[in-house]
Amino acid sequence: MAQQISSEDQRSLVDRLMSACGGSYSPEVRRRLFISGPQWAAAYRGQALFHAPVRRTLSADEVIRNFAEIGIGFWTTHDMDIIPADELMTGRQDEILDSVARSLRKYGVQCSMVTGETFFSPVWAASPAGEQPEIRAYATKRLQNVVDIGHRLGASFVVYWPGTLGYQLQGVIDETLMLRRYAELLNAACERDLQVSQSTGRPWMRHCLEAKPFEPQAEILLPTTDAMLNFIASGLLTHPEMVGVNPEYLHELMWGGAPRAALARALLAGKLWHFDINDGYRLKHDVDIGIAMVNPLDWLNVLILLRRHGYNGPFNLDYKPPRTTSEYGVFRVSFPSAVDRFITLWQIAGEAMADPVIGEATEALEAGAGASGTSNGEALFEANKELWTLHELIGHRLVQILLGQHRGRIFVDLKP
Ligand code: 3MF
Ligand code: MG
Ligand code: MG
């Protein structure tokens, strides 16, 4: 029987095996990339509709301190992650923000993004853009307050995941009205931002819309990043130049989309400003698994695309440490391993971009067969058909690079 591990010995076992895993980077190296850690991800207690919490609530100070030790140089937060509902927009809020600002300074971490909770509280049961003017007035205040918090903490981005902007029951709401009303909320936030930025001299922040196709509502009015892009261009926003997108990797998989293609469309629109990184399974719930635990090859290709096009925004670790991970494990295993997988894939993406085999194959494909004088489809096919084999060769090469086969990782001593 395997040796039992008493509770006192479990942490040291985790530490020993984590260091046996190797492949980790120093906090200094980790800080070189624009990686942000959300307060809500670290403080997530493992609760869900059918799941009781498994971990303690963590304060901002504890999370920021741990991020600093790991080498996560940026921190992101919802208003409600740090300010209790009844203390929002009161003098107590200022005290809390002062103390958070002190923690950030003390540990040398920057707040890169703030976001408003418009999905959890009972007041959003019918969305932040429902029928009642007083609910929308409250939503306006909340979003303007988020802008104030962002300026106060030195953030450059505001993210909006509208959550309940949709419905459970068909025909109850008028979709066009709800969207107009949602636009008014965003307009009020942008206008507040311009005012604050004028009075403080700080630049205005980038306002990024985050889509999720379902959950918590059954039907969502802006379910995809493409819908968000269309909404930005709809003419309803008074400051569309201040508004971009924050795609979340898994949210695009949830509707069956290809995250890399969604990112490409946002890049073409000049609106890819912020990116929530995680992983999960297609057409399922928002399981928020750590980056590259499910789709490492796709993640490699996502990073190749982003590097090629010079994406320089944040990579926000919007995942959830699993319920089986302890509070100790959250900072010993979950966050450092997520960051290290990201950095390694980022570097591998660089390797793939410089790979001579892929380079030559791509050039050959782009050069073509030299049959431009031909306008017969069949003859064009015949002239090019051997070149197209390079698609599979490139696909193979990318997997080789991911697995280390390109460096000669082969197994000579095959046993049946
Ligand atoms: C929900 C999410 C959210 C958003 C956050 C930022 C709790 O699926 O992804 O995280 O990212 O609200 O606005
Ligand atoms: Mg997200
Ligand atoms: Mg998610």
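This is a short walk through one structure, from its sheet to its metal site, its ligand and two loops. Keep in mind that the model is predicted.

Let's start with the sheet. Eight strands make an open sheet, and the pairing is parallel. The order reads β8-β6-β4-β3-β2-β1-β10-β9. Which strands sit at the edges? They are β8 and β9, the latter covering 275–276, and each pairs on one side only. As general background, strands of a sheet pair through backbone hydrogen bonds, either parallel or antiparallel.

Now a few of the pairings. Take β4, residues 157–160, and β6, residues 206–209. Four bridges link them in the parallel sense. Val159 has Cys208 in β6 as its bridge partner. On to β6 and β8. Strand β8 spans residues 243–245, and three bridges join it to β6, again in parallel. Here His207 is matched with Val243 in β8. Elsewhere in the sheet, β1 (residues 35–38) runs parallel to β2 (residues 74–78), with three bridges between them. Gly37 has Trp75 in β2 as its partner.

Next, the metals. Look at the magnesium ion, ligand 3. Which protein atoms are its donors? They come from Glu248 (OE), His251 (NE2), Asp286, which gives two OD donors, and Asp288 (OD). The distances run from 2.0 to 2.6 Å. If you want to find these residues in the sequence, the spacing is E-x2-H-x34-D-x1-D. There is a second magnesium ion, ligand 2, and the two ions are 4.7 Å apart. Glu248 coordinates both.

How covered are the aspartates? Asp286 has a relative accessible area of 14%, so it counts as buried, the limit being under 20%. Asp288 is at 3%, and therefore is buried as well. Asp288 deserves a second look. Its phi is positive, about 50 degrees, although Asp288 is not a glycine. You will find Asp288 in the loop between β9 and α12, the helix at 296–308.

Now ligand 1. There are 13 residues around it. Which come nearest? His78, Thr115, Glu210, Glu248 and Asp286 do. Two of those names you have just heard: Glu248 and Asp286 are also donors of the magnesium ion, ligand 3. By type, the shell around ligand 1 has six charged residues, four nonpolar and three polar.

Some polar contacts to go with that. A polar side-chain atom of His78 is 2.7 Å from an oxygen atom of ligand 1. For Asp276, an N or O atom of the side chain is 3.0 Å from a ligand 1 oxygen. Trp40 has a polar side-chain atom 3.4 Å from an oxygen of ligand 1. How much of ligand 1 does the protein bury? Taken alone, ligand 1 exposes 350 Å², and the protein buries 95% of that.

Last stop: the loop between β6 and β7, where β7 is 219–220. Pro216 is in this loop, and so is Glu215. The peptide bond from Glu215 to Pro216 is cis, with omega near 10 degrees. Glu215 also has a positive phi, near 70 degrees, and it is a residue other than glycine. Is Glu215 buried, exposed or partly exposed? At a relative accessible area of 29%, Glu215 is partly exposed.

To close, go back to Glu248. Glu248 coordinates both magnesium ions, ligand 3 and ligand 2, and Glu248 is among the residues that come nearest to ligand 1.

Definitions and conventions. Residues are numbered from 1 along each chain as its sequence is written. Chains are lettered from A and ligands numbered from 1 in the order in which they are written. This is a predicted model: local features need pLDDT of at least 70, side-chain atom pairs count only at pLDDT 80 or more; totals for chains, interfaces and linings use all residues. Side-chain values use heavy atoms; hydrogens and water are left out. Donors are N, O and S atoms within 2.8 Å of the metal (3.2 Å for Na, K and Ca); water is not among the atoms, so sites may look incomplete. Buried means under 20% relative accessible area, exposed over 50%, partly exposed in between (1.4 Å probe, protein chains only). Two strands pair if DSSP finds at least two bridges between them. Helices (H or I, at least four residues) and strands (E, at least two) are DSSP runs, numbered from the N terminus. A residue is near a molecule or strand if one of its heavy atoms lies within 4 Å of it. A polar contact is a pair of N or O atoms within 3.5 Å; within protein, one must be able to donate a hydrogen and the other to accept it, and residues adjacent in sequence count only if both atoms are side-chain atoms. Accessible areas come from the Shrake-Rupley method with a 1.4 Å probe; for residues, only the protein chains shown count as cover. Ala, Val, Leu, Ile, Met, Phe, Trp, Tyr, Cys and Pro count as nonpolar, Asp, Glu, Lys and Arg as charged, and the others, Gly among them, as polar.
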